[in-house]
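Colleague: Could you take a close look at one part of this model for me, and then follow the contacts outward from there? I'd love a connected picture that I can trace in the viewer.

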Amino acid sequence: MTTEPRVHVIHENPEWFPPFLAAFDAEGVPVEEVLLTAGTIDLDAEPAPGVWWSRMSASAHTRGNTHSKDYTRAVLGWLEGWGRTVIGGSNVIELEVSKVRQHALLRRAGFDVPRTIAVFGREGLPAAARDFPAPFIVKHNQGGKGLGVRRFDSHDDFAAYVAGSEFEEPVDGITLVQELLVAREPFITRAEFVGGEFVYAVRVDTSAGSFELCPADACEVVPGAAEPFQVRGEVTAEHPLIVAYGQLLRSAGVDIAGIEFIETVDGRSVTYDINTNTNYNPIVEASAPVSGPRSIARFLGRLLERERSPHLTLV
């Protein structure tokens, strides 16, 4: 590792990193990747100087990097023990890998959240599902990219799925059974934040019925399908939900995140996901008033300047 202060980016997926690398280059912010799929740390050695940003993903296990989340926990503990500036620290990785934690944080802050039961193991799933009218959905507690999300229109079909060979085992053994939310119009909204401040909102088309809502260019898109991601310009920083999300993130110490909500047929605005490993869609970026990756590069660059000049006042 270099001794020159810079932004160190912890991640496990090279496919998703190029837009961020380009943004750091465009903003003139020195950056170094820390690909956390293997390696060592000397716990008695001082970490390299600069700002450390963790963008470890809850879906790392789907790319063969099951232990990268645990490696991240270890590295973040080491960095925080040495007093390094860390964005996406220990509190954030725990939020990233647990929808239970996200639900609890949102509910405590007063947001409308979907009714949910967390089931440990497989055996209790059919009984838990009977607390919900059909149709209902299930999802993995530790997911990402719509992993493990399925809709069931009958309890008998779900019981057969749980007992069958096609059952998807969650990586942490926790499956969520959740009420099915029906959108007033076929889309959900993802609000992006950097430095706890609103960047823009994205309308994500769900008319095809998919739960795969990953916006990154590296995610698979159905050939011939219409572009599902668009800037939702009418959702501004003054929108009541956006104001409340900003307050929530700042109070929780979450600097970079995408928060998803759905406006339902019965008039609810339900918040159901906090993604601290947010990615950005290239088509949205081309039309957005500001750039998500470049906002991150500027934000981290300002923190880096403060590291270099601790008496500097940043605005």
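**Starting from one bridge**

Modeller: Happy to. Let's begin with a single pairing: Arg6 has Gly50 as its bridge partner in S3. Please keep in mind throughout that this is a predicted model. That pair belongs to the parallel pairing of S1 with S3, which runs over five bridges. Step back a little, and S1 and S3 turn out to be part of an open sheet of four strands, in the order S2-S1-S3-S4, with parallel pairing. At its edges stand S2 and strand S4 (85-87), and each has a single partner strand, so one side of each has no neighbour in the sheet. Neighbouring strands here are turned against each other by 25° on average, if direction is ignored.

Now look at what packs on this sheet. Helix H1 (residues 18-27) lies across S1, S2 and S3, and its course makes about 160° with S2. Which residues of H1 are buried? They are Phe20, Ala23 and Phe24. Viewed down the axis of H1, these buried residues fall within an arc of 100°, so they line one face of the helix. That buried set packs against strand S1 (6-11), strand S2 (31-35) and strand S3 (50-54), and also against H9. Just past the end of H1 you will find Gly28, whose phi is positive, at about 70°.

H9 is the helix to follow next, and it takes us from one sheet to another. On the parallel sheet, H9 touches S1, S3 and S4, and its direction makes about 145° with that of S3.

The other sheet is also open, with five strands in the order S11-S10-S9-S12-S13, but its pairing is antiparallel. Its edges are strand S11 (229-231) and strand S13 (269-275); each of them has a single partner strand, so one side of each lacks a neighbour in the sheet. The average turn between neighbouring strands in this sheet is 30°, direction ignored. Helix H9 (residues 292-308) packs here too, in touch with strand S9 (187-194), strand S10 (197-205) and S12. Its direction makes about 20° with that of S9.

Two places in this antiparallel sheet deserve a zoom. One is Thr189, in strand S9. Is Thr189 buried or exposed? It is buried, at a relative accessible area of 1%. Its side chain makes a polar contact of 2.7 Å with the side chain of Arg232. Beyond the residues up to four places away in sequence, Thr189 touches Ala201, Val202, Arg232, Ile259, Glu260, Phe261 and Glu263.

Glu260, one of the residues that Thr189 touches, leads us to the second place. Glu260 has Asp273 of S13 as its bridge partner. The pairing around them joins strand S12 (residues 256-263) to S13 in the antiparallel sense, over six bridges.

Asp273 in turn brings us to Gln102, a residue of helix H4 (residues 99-108). With neighbours within four places in sequence left aside, Gln102 is in contact with Asp273 and Ile274, as well as with Leu95 and Glu96. Gln102 is buried, at 3% relative accessibility. What does its polar side chain find there? A polar atom of the Gln102 side chain lies 2.9 Å from the backbone oxygen of Leu95.

If you have a moment more, H6 makes a nice companion to H1. Helix H6 (residues 155-163) has His155, Phe158, Tyr161 and Val162 as its buried residues. Down the axis of H6, these fall within an arc of 120°, so they too line one face of their helix. The cover over them includes H5, S6 and strand S7 (150-152). On the face turned away from the buried side, H6 carries the exposed residues Asp156, Ala160 and Ala163.

H5 and S6 also frame a backbone detail you may want to check: Pro135 sits in the loop between H5 and strand S6 (136-140), and the peptide bond leading to it from Ala134 is cis, with omega near 5°.

How values were computed:
Residues numbered from 1 in each chain as written. Predicted model: local features only at pLDDT ≥ 70, side-chain atom pairs only at ≥ 80, totals over all residues. Heavy atoms only, no water. Pairing = 2+ DSSP bridges. Helix = DSSP H or I, 4+ residues; strand = E, 2+ residues; numbered from the N terminus. Axes fitted to C-alpha atoms, helices over the stretch in contact; angles between N-to-C directions. Contact = heavy atoms within 4.5 Å. Buried < 20%, exposed > 50% of the residue type's maximum accessible area, 1.4 Å probe, protein only. Arc of directions from axis to C-beta. Polar contact = N/O pair within 3.5 Å; in protein donor to acceptor, adjacent residues only side chain to side chain.
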